[in-house]
Amino acid sequence: MKRVAKLVIAGVMSAGVVYASAATLNTMDDVGTAIQSCWTPPAGAGDSTVTLSFSFKRDGTLIGPPRPTAAKVAGDDKARKAFIDAAIAAVKNCTPLSLSPELSQGIAGNVFTQQFVSPKQ
């Protein structure tokens, strides 16, 4: 059975830190912060969250597309799709990641989850 690591990053930004995709990432917290820095929720998202599941190769690219595993989105089906699509775009737009050699050895093939949360209004 594969290990599942969780990245649960709430909010829109993590302490104002913005990572460029070229910055070398040393920890899973760095990975979560880097991906979160690419997150722009759709306007009017209300009190919404989506959790995505995804995996990386050692070179920092994705193994397949991110998949929603849980979603609580305010609004209709169109709003739900827009919110989930924005979260998926955040992950895709931030990859490939520049992983340190140590992190790349342990990250490959593991399934990670990250939660994307709309800002409080």
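Is P65 buried or exposed? In this predicted model, P65 is exposed, with a relative accessible area of 55%, and the points below set that residue beside the helices, strands and side-chain pairs around it. The protein has 3 helices and 6 strands, which follow one another along the sequence in the pattern β-β-α-β-β-α-β-α-β. Of its 121 residues, 41% count as buried, and among contacts with a separation of 6 or more, residues 24 or more positions apart account for 76%.

**P65 and its surroundings**

- P65 is found in the loop between β3 and β4, and, once neighbours within four places in sequence are left aside, P65 is in contact with S53 and K92.
- Although P65 and K92 are 27 residues apart along the chain, their C-alpha atoms are separated by 7.9 Å.
- The other partner, S53, has its place in strand β3 and, with a relative accessible area of 6%, is buried, whereas P65 itself, at 55%, is exposed.
- Apart from residues up to four places away in sequence, S53 touches P65, P66, R67, T69, V111, F112 and T113.

**Strands β3 and β6**

- Strands β3 and β6 pair in the antiparallel sense, and this pairing runs over 7 bridges.
- Within this topic one position can be named as an example, since S55 stands opposite V111 in β6.
- Strand β6 is largely enclosed by the rest of the structure, because 5 of its 7 residues are buried.

**The largest nonpolar core**

- In soluble globular proteins, nonpolar side chains tend to be buried together.
- The largest nonpolar core here has 26 residues, and those that touch the most other members are V31, I35, L52, F54, F56, L97 and F116.
- Two or more residues are given to this core by each of α1, β3, α2, α3 (101–107) and β6 (111–117), and the element that gives the most is α2, with 7 residues.
- F56, one of the residues that touch the most other core members, is in contact with V31, I35, T61, L62, I63, T95, L97, I107, A108, G109, N110 and F112 when residues up to four places away in sequence are not counted.

**Helices α1 and α2**

- Helix α1 is mostly covered, in that 7 of its 9 residues are buried, and these buried residues are D30, V31, G32, T33, A34, I35 and Q36.
- In helix α2 the buried residues are F83, I84, A86, A87, I88, A90 and V91, and what covers them includes α1, β3, β4 and β6.
- The 17 residues of α2 should span 24 Å at 1.5 Å a residue, and the C-alpha atoms at its ends are indeed 24 Å apart, which agrees with that expectation.
- At the start of α2, the backbone nitrogen of K78 has a side-chain oxygen of D76 reaching to within 3.2 Å of it.

**Salt bridges**

- Side chains of opposite charge can pair when their charged atoms come close, and the structure holds 2 salt bridges.
- One of these salt bridges joins D47 and K72, whose closest N and O atoms are 3.4 Å apart.
- Because D47 lies in the loop between α1 (28–36) and β3 (49–55) while K72 lies in strand β4 (residues 67–72), this pair ties together parts that are 25 residues apart in sequence.
- Both D47 and K72 are partly exposed, D47 at 43% relative accessibility and K72 with a relative accessible area of 47%.
- A salt bridge is also formed where the side chains of D85 and K81 meet, at 2.6 Å from N to O.
- D85 and K81 are 4 residues apart in helix α2 (residues 77–93), so about one helical turn separates them.
- D85 counts as partly exposed at 35% relative accessibility, whereas K81, at 52%, counts as exposed.

Conventions
Residues are numbered from 1 along each chain as its sequence is written. This is a predicted model: local features need pLDDT of at least 70, side-chain atom pairs count only at pLDDT 80 or more; totals for chains, interfaces and linings use all residues. Side-chain values use heavy atoms; hydrogens and water are left out. A salt bridge is a side-chain nitrogen of Lys or Arg within 4 Å of a carboxyl oxygen of Asp or Glu. Buried means under 20% relative accessible area, exposed over 50%, partly exposed in between (1.4 Å probe, protein chains only). A nonpolar core is a set of buried Ala, Val, Leu, Ile, Met, Phe, Trp, Tyr and Cys residues joined through side-chain atoms within 4.5 Å. Contact means heavy atoms within 4.5 Å. The expected span of a helix is 1.5 Å times one less than its number of residues. A polar contact is a pair of N or O atoms within 3.5 Å; within protein, one must be able to donate a hydrogen and the other to accept it, and residues adjacent in sequence count only if both atoms are side-chain atoms. Two strands pair if DSSP finds at least two bridges between them.
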